[in-house]
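Reader: I've got this one open in front of me and want to know what the labels rest on. Can you take me through it?

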Amino acid sequence: MAGTSLGARFYRQIKRHPALIPMIGFIGLGMGSAALYLLRLALRSPDVCWDRKNNPEPWNRLSPTDQYKFLAVSTDYKKLKKDRPDF
């Protein structure tokens with residue numbers, strides 16, 4: 001076993017215990033979902049500033065009709081009016 005690779009040992013375990021396949025699938029699905037959500041937060045959130053030179057305060061450029069929450073159950077963002085001053 002000292003000379004076998006990690007992939008070969010993994011394949012042997014899967015072949016010996018096929019009940020591990022759904023567990024590995026669900027763990028992979030959960031990790032993929034978490035990675036996609038973190039990517040969405042990094043790219044679409046108004047709290048994250050990637051370009052400080054051209055846009056130092058990205059939260060000030062949001063209009064009242066921008067939906068920045070992941071899920072808005074009872075708020076219709078298209079009907080909101082602006083209630084703050086422009087800077």
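Author: Sure. Start with the nonpolar surface patch of about 500 Å², which is made by F10, M23, I24, I27 and M31. Keep in mind that this is a predicted model.

Reader: Which helix gives the most to that nonpolar patch?

Author: That's helix α2, residues 20-44, with 4 residues. F10 sits in helix α1, which covers residues 6-16.

Reader: Why is F10 called partly exposed?

Author: F10 has 47% relative accessibility. Buried means under 20% and exposed means over 50%, with partly exposed in between, so F10 at 47% counts as partly exposed. Patch residues need over 30% relative accessible area, and the 47% of F10 meets that cut-off too.

Reader: What makes residues 20-43 a "transmembrane region"?

Author: That label comes from a UniProt annotation in an unreviewed entry. Such annotations may be inferred rather than shown by experiment. In the model, the span is 100% helix and 0% strand, and its end C-alpha atoms lie 35 Å apart.

Reader: How many helices and strands does the protein chain have?

Author: There are 2 helices and 0 strands.

Reader: And what share of the protein chain is buried?

Author: Of its 87 residues, 7% are buried, meaning they fall under 20% relative accessible area. The accessible surface of the chain comes to about 8100 Å², and 62% of that belongs to carbon and sulfur atoms.

Reader: What about contacts between residues at least 24 apart in sequence?

Author: Take the contacts between residues at least 6 apart: 10% of them join residues at least 24 apart.

How values were computed: Residues are numbered from 1 along each chain as its sequence is written. This is a predicted model: local features need pLDDT of at least 70, side-chain atom pairs count only at pLDDT 80 or more; totals for chains, interfaces and linings use all residues. Side-chain values use heavy atoms; hydrogens and water are left out. Patches are made of residues with over 30% relative accessible area and no salt bridge: like charges are joined within 9 Å, nonpolar side chains (Val, Leu, Ile, Met, Phe, Trp, Tyr) within 5 Å. Accessible areas come from the Shrake-Rupley method with a 1.4 Å probe; for residues, only the protein chains shown count as cover. A salt bridge is a side-chain nitrogen of Lys or Arg within 4 Å of a carboxyl oxygen of Asp or Glu. Buried means under 20% relative accessible area, exposed over 50%, partly exposed in between (1.4 Å probe, protein chains only). Contact means heavy atoms within 4.5 Å.
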